[in-house]
Amino acid sequence: MAAGDDRGSPDSYRSPLASRYASPEMCFVFSDRCKFRTWRQLWLWLAEAEQTLGLPITDEQIQEMKSNLDNIDFKMAAEEEKRLRHDVMAHVHTFGHCCPKAAGIIHLGATSCYVGDNTDLIILRNALDLLLPKLARVISRLADFAKERASLPTLGFTHFQPAQLTTVGKRCCLWIQDLCMDLQNLKRVRDDLRFRGVKGTTGTQASFLQLFEGDDHKVEQLDKMVTDKAGFKRAFIITGQTYTRKVDIEVLSVLASLGASVHKICTDIRLLANLKEMEEPFEKQQIGSSAMPYKRNPMRSERCCSLARHLMTLVMDPLQTASVQWFERTLDDSANRRICLAEAFLTADTILNTLQNISEGLVVYPKVIERRIRQELPFMATENIIMAMVKAGGSRQDCHEKIRVLSQQAASVVKQEGGDNDLIERIQADAYFSPIHSQLDRLLDPSSFTGRASQQVQRFLEEEVYPLLKPYESVMKVKAELCL
């Protein structure tokens with residue numbers, strides 16, 4: 001490192017997730033201060049429980065620990081870790097330095113994973129608690145958008161080729177449905193989190209059994225008391241030295257799935273921006289291109305896609321880590337987990353903040369949508385025209401042939417000459433179709449081609465979306481702000 005080892009200076013690399021993108025609240029959850037303060041809190045909870053169960057720990061020692069939870073000498077801790085090559089013992093010594101009376105009972109009976117793993121579980125829980133309302137707000141904003149445009153016809157696309165009509169609101173509900181699944185999965189994985197608890201070096205609780213002179217009941221009470229203090233309803237009964245790393249797989253799998261949802265949504269928005277049917281917010285002084293001043297690039301959606309790809313790949317880390325944990329534990333999980341867990345949550349936080357910002361300012365251009373419908377609808381209406389002619393006394397086969405010839409001519413104008421679709425004008429000019437000329441406007445009404453789309457939107461929002469959002473009503477008014 002450069003002189004002074006100033007890792008926060010412009011001369012040192014900093015993760016863009018923290019310096020550019022993620023919210024201050026999510027950055028704090030994964031900060032050193034939050035982590036090591038939680039270590040101290042866990043040592044305090046352990047000492048309190050041990051005292052309650054009869055170990056010779058004084059009120060004075062407990063009070064000294066309480067008074068110094070936030071008094072962290074990070075410089076001393078770094079120096080101790082450099083000397084000891086052990087992060088937990090470095091902080092045991094640092095905490096003991098400011099708690100001389102309690103120094104001898106800090107970390108009593110515990111192993112490093114008592115503070116390390118339990119802190120990670122607390123952090124995972126708190127980080128999920130930050131993500132859940134953010135995702136709920138995104139769903140709420142998109143639900144408002146879908147409801148307002150539930151009946152606005154738009155051209156559907158399959159294979160990114162023109163297909164039957166849908167509505168702008170119905171298409172948005174495709175996005176919402178995926179996000180609702182993500183919200184349910186995030187809530188499930190959050191509620192399924194269990195505390196590692198007080199288990200000892202290989203998960204057998206042998207050290208605590210010795211402290212309590214073979215009293216099984218007290219060891220179980222100790223485990224439960226600390227679990228309750230940490231705010232968890234359950235603790236693992238079985239652990240090795242660590243909690244099973246499959247927990248990390250479950251958490252990051254849900255975040256990766258969220259990344260897939262966001263990538264699909266923002267890709268759709270980018271494609272619609274190219275078609276000029278919809279745009280993300282574009283600020284008054286925002287610059288789209290340094291060379292092309294007319295550009296209105298969908299940079300927010302592009303950022304979401306870029307980060308979502310990263311989020312989707314991060315699940316490979318816990319998958320591989322869990323697969324190579326030998327017996328009760330190996331330390332090759334540690335450095336990897338320091339990176340992938342924090343990055344997954346900071347990335348998810350960023351894309352949700354950005355997607356909320358997008359969803360609060362989506363712009364729709366109905367005239368552009370209408371023009372594209374007019375270009376494609378004549379071909380889609382041919383079956384309705386044939387049915388109307390048959391009802392008027394015509395032959396289905398004769399009408400089909402007439403339509404086929406006129407359609408090919410109109411297609412040639414579009415493809416070979418670059419003109420507009422003039423199929424309807426050709427039908428209006430052909431005397432064969434005179435029995436239904438007066439019906440053409442009705443037969444070409446876009447709303448008659450959207451099926452039950454608007455009713456589906458209404459039912460979906462009322463039966464599935466709004467009930468899911470009800471627990472988050474108190475935080476719905478919070479606006480999204482982009483860091484950069």
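## The largest cavity

Thr 154, Val 168, Arg 171, Leu 272, Glu 277, Met 278 and Ile 369 form the lining of the largest cavity. Keep in mind that this is a predicted model. The space they enclose comes to about 50 Å³, and the lining splits by class into four nonpolar, one polar and two charged residues. In total, the structure has three cavities of 30 Å³ or more.

## The second largest cavity

Next in line is a cavity with a volume of about 40 Å³. Its lining is made up of Ala 273, Glu 279, Glu 280, Pro 281, Phe 282, Arg 296, Asn 297 and Pro 298. Sorted by class, that gives four nonpolar, one polar and three charged residues.

## The largest pocket

Now for the open spaces. The largest pocket has about 2,100 Å³ of volume. Its lining takes in 49 residues, and if you want to find the middle, look for Phe 30, Asp 32, Lys 35, Phe 36 and Arg 338, which lie nearest the centre. Quite a few helices chip in: α1 (16–21), α2 (24–29), α3 (32–52), α5 (74–84), α6 (87–98), α7 and α14 each give two or more residues to the lining.

What is the class make-up of the lining of the largest pocket? There are 20 nonpolar, ten polar and 19 charged residues.

## The second largest pocket

The second largest pocket holds about 330 Å³ of space. Of its 15 lining residues, Arg 374, Gln 375, Pro 378, Asn 421 and Glu 425 are the closest to its centre. Two helices, α15 (366–380) and α18 (423–429), each provide at least two residues of this lining. Which of them gives the largest share? That would be α15, with seven residues. By class, the lining of this pocket has six nonpolar, three polar and six charged residues.

## α7 against α14

Back to two helices from the largest pocket: α7 and α14 both help line it, and they also pack on each other. Helix α7 covers residues 112–148 and helix α14 covers residues 334–359; the angle between them is about 20°, and their axes are 9 Å apart. Angles under 35 degrees count as roughly parallel, so α7 and α14 are roughly parallel to each other. The crossing of α7 past α14 is left-handed.

On the α7 side, the contact uses Asp 120, Leu 124, Ala 127, Leu 128, Leu 131, Lys 134, Leu 135, Arg 137, Val 138, Arg 141 and Leu 142. The α14 side brings Arg 337, Phe 345, Ala 348, Asp 349, Leu 352, Asn 353, Leu 355, Gln 356 and Ser 359. Put together, the contact has eleven nonpolar, three polar and six charged residues.

## α7 against α20

Helix α7 has another packing partner in helix α20 (residues 453–469), with an angle of about 160° and axes 11 Å apart. Why is this pair called roughly antiparallel? Angles over 145 degrees fall in that group, so α7 is roughly antiparallel to α20. Here too, α7 makes a left-handed crossing, this time past α20.

From α7, the residues involved are Ala 136, Ile 139, Ser 140, Ala 143, Ala 146 and Lys 147, and they meet Val 457, Leu 461, Val 465, Tyr 466 and Leu 469 of α20. The class count for this contact is nine nonpolar, one polar and one charged.

Definitions and conventions:
Residues numbered from 1 in each chain as written. Predicted model: local features only at pLDDT ≥ 70, side-chain atom pairs only at ≥ 80, totals over all residues. Heavy atoms only, no water. Axes fitted to C-alpha atoms, helices over the stretch in contact; angles between N-to-C directions. Helix = DSSP H or I, 4+ residues; strand = E, 2+ residues; numbered from the N terminus. Parallel < 35°, antiparallel > 145°, perpendicular 65-115°, else oblique. Left-handed = near helix turned anticlockwise from the far one by under 90°. Contact = heavy atoms within 4.5 Å. Nonpolar A, V, L, I, M, F, W, Y, C, P; charged D, E, K, R; others polar. 1 Å grid on protein atoms, 1.4 Å probe; cavity = no way out; pocket = protein on both sides within 12 Å on 5 of 7 lines; lining within 4 Å. Points joined across faces, edges and corners; volume = space filled by probe spheres on them.
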